[in-house]
Amino acid sequence: MNFDTISVIGLGYIGLPTAAVIASRRKQVIGVDINQHAVDTINRGDIHIVEPELDMLVHAAVKEGYLRATTTPEAADAFLIAVPTPFKAENGNDHVPDLTYIKAASQAIAPVLKQGDLVILESTSPVGATEQMAAWLAEARPDLTFPQTHGEESDIRVAHCPERVLPGHVVRELVENDRVIGGMTAKCSEASTALYKIFVQGECITTTARTAEMAKLTENSFRDVNIAFANELSIICDKLDINVWELIRLANRHPRVNILQPGPGVGGHCIAVDPWFIVSETPEEARLIRTAREVNDSKPQWVIDKVNEVVGKFLSANPDKTAKDVTIACFGLAFKPDIDDLRESPALGVANAIVQLHPGKVMLVEPNISQLPDKLNAATLIGVDAALGCADVVVLLVDHKVFKKIKLEELKGKMVVDSRGVWTAG
Ligand code: SAJ
């Protein structure tokens, strides 16, 4: 199959790296996004998101003429749709997947589709979304045939191929990871495999669209359930006066046990979201998956309660002081270690609650950012040493490398809430 021109719809954390990697293989790539600012930035050879190595890749692709961005879809041989799939509230349920962006993207590309084109949905989607996308395309283009009605003879091929890259390692993982390719027919899978072979070194494994959709949701739910197990253990161990970090280390010595690490909750845009796509469709059956979400979502409040408890202990030990005299330092705001991404971060939620509730000073330490988000204006962003110099209570929220270098002597005399086991793992 020949893919001379490939269009990527949605130039965010997945779409832009994908477009740039394909362009680096000397294919003509047209990136489409509704955000004019993103389009202008990319056309200058710059990027509007933070991801290692991406700036160089985009710069080279644009300057060499292989990547161009626009707000209006143009004709291409293949279309990769990488738009967001957020939640919407429906009938009292806040966690119903919202396919509005997929619908808008389908309707936007429909006018430029031609016989022989391939349309791939990459956005993480509930089971059935690819078939729904094909229905929207067919509705907009009654002059073309689609796999749901014409099978292998269809004019347009349609598939789901979920992205599985880890933020912070996107450029490498896009090339190295295996891809699950779920065509609506075998020919759809075959065409999609030919497309991914342009840049993927991992294996391309074919299946149905519905199985591919469920595979992606399953991967993130698996991780969520396992993190929930670790988080629940941390709460149980706290009650039983057992060091959970030591406990997990010991249990993991068993050849068939591999427990993940507790923390202040699960953040990011994937693991805390995707399991709800399963729960939303099969609420009666997905009991464990729902409970895992609830356990992980309740962890930030548990950490906040711990901080209050520790402030209480500090005041009992220092009866001449009031809560107003207690300085709290929160270490880390990002949603995971060594990144600057604060979106959907449980650490940020905990820090924000402390800023709102604590009558004394709150210092925030986040070495990966230079400015606090607006809602944290009441707090001060300071460096590690300055925070250690003035804090009575230290709250560790993210296991950034730089925090691991802090020596235990430096914490002497301070009360510590260590949600990541950086200093208290034993
Ligand atoms: N976390 C823990 N304990 C752990 C591991 C993680 O509390 O032992 C927390 C992290 O601190 C973070 C959250 O979980 O708040 C998620 O971080 P993560 O590193 O597990 O995953 P993401 O969200 O950055 O990326 C995931 C990946 N999925 C899997 O590992 C199954 C990635 O491969 C997916 O492509 C990505 O979701 C996505 O886009 O769906």
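A residue counts as buried when its relative accessible area is under 20%, as exposed when that value is over 50%, and as partly exposed in between. Keep these cut-offs in mind as you move through the model, which is a predicted one.

**Stop 1: the cysteines**

Select Cys330 to begin, and ask whether this residue is buried or exposed. Its relative accessible area is 0%, and because that falls under the 20% limit, Cys330 is buried. If you now look for a partner, you will find that Cys330 takes part in no disulfide, since the nearest cysteine sulfur belongs to Cys390 and is 12 Å away, while a disulfide requires two cysteine sulfur atoms within 2.5 Å. The structure as a whole holds zero disulfides. Select Cys237 next, which also counts as buried, with a relative accessibility of 4%.

**Stop 2: the ligand**

Display the ligand together with the residues around it, of which there are 20. Which of them come nearest? They are Val165, Lys216, Asn220, Arg223 and Phe335. Zoom in on Phe335, where a polar backbone atom is 2.7 Å from an oxygen atom of the ligand. Then turn to Arg164, which has a backbone N or O atom lying 2.9 Å from a ligand oxygen atom, and to Gly267, where a backbone N or O atom also lies 2.9 Å from an oxygen atom of the ligand. The ligand on its own has 770 Å² of accessible area, and the protein covers 88% of this.

**Stop 3: salt bridges**

The structure holds 19 salt bridges, and a few of them are worth selecting one by one. Start with Arg68 and Glu74, whose closest N and O atoms are 2.9 Å apart in their salt bridge. Arg68 is partly exposed, with a relative accessible area of 38%, and Glu74 is likewise partly exposed, at 25%.

Move on to the salt bridge between Arg179 and Glu122, in which the closest N and O atoms are 3.2 Å apart. This pair links distant parts of the chain, for Arg179 sits in strand E9 (residues 179-183) and Glu122 in the loop between strand E7 (118-121) and helix H5 (129-140), 57 residues apart. Are these two residues buried or exposed? Arg179 is buried, with a relative accessible area of 3%, and Glu122 counts as buried at 1%.

A further pair to select is Asp399 and Arg420, whose side chains meet in a salt bridge with an N to O distance of 3.7 Å. Asp399 lies in the loop between strand E14 (393-396) and helix H15 (401-404), whereas Arg420 lies in the segment after strand E15 (415-418), so the pair ties together parts that are 21 residues apart in sequence. Asp399 is buried, with a relative accessible area of 17%, and Arg420 is buried too, at 19%. To finish this stop, select Asp77, Lys114 and Asp117 together, which are linked in a network of salt bridges.

**Stop 4: a nonpolar patch and its neighbor Asp241**

Show the surface and select Ile236, Leu240, Ile242 and Leu247, which make a nonpolar surface patch of about 330 Å². Of these, Leu247 lies in helix H10 (residues 244-251) and is partly exposed, with a relative accessible area of 31%.

Now select Asp241, which is placed in the loop between helix H9 (209-240) and H10. Asp241 is exposed, with a relative accessible area of 72%. Its phi is near 60°, a positive value in a residue other than glycine. This is worth a pause, because most residues other than glycine have a negative phi.

**Stop 5: a second positive phi**

Where in the chain is Glu344 found? Select this residue and you will be in the loop between strand E11 (328-331) and helix H13 (346-357). Phi of Glu344 is near 50°, again a positive value in a residue that is not glycine, and Glu344 is exposed, with a relative accessible area of 56%.

**Stop 6: across the model**

End the tour with Pro300, which lies in helix H12 (residues 287-317). With a relative accessibility of 18%, Pro300 counts as buried. Select Asp143 as well and draw a line between the two C-alpha atoms: the residues are 157 apart in sequence, and the line spans 53 Å in space.

Definitions and conventions
Residues numbered from 1 in each chain as written. Predicted model: local features only at pLDDT ≥ 70, side-chain atom pairs only at ≥ 80, totals over all residues. Heavy atoms only, no water. Patch = residues over 30% accessible without salt bridge, like charges linked within 9 Å, V, L, I, M, F, W, Y side chains within 5 Å. Areas by Shrake-Rupley, 256 points an atom, 1.4 Å probe, with all protein chains shown as cover. Salt bridge = Lys/Arg side-chain N within 4 Å of Asp/Glu carboxyl O. Helix = DSSP H or I, 4+ residues; strand = E, 2+ residues; numbered from the N terminus. Buried < 20%, exposed > 50% of the residue type's maximum accessible area, 1.4 Å probe, protein only. Near = heavy atom within 4 Å. Polar contact = N/O pair within 3.5 Å; in protein donor to acceptor, adjacent residues only side chain to side chain.
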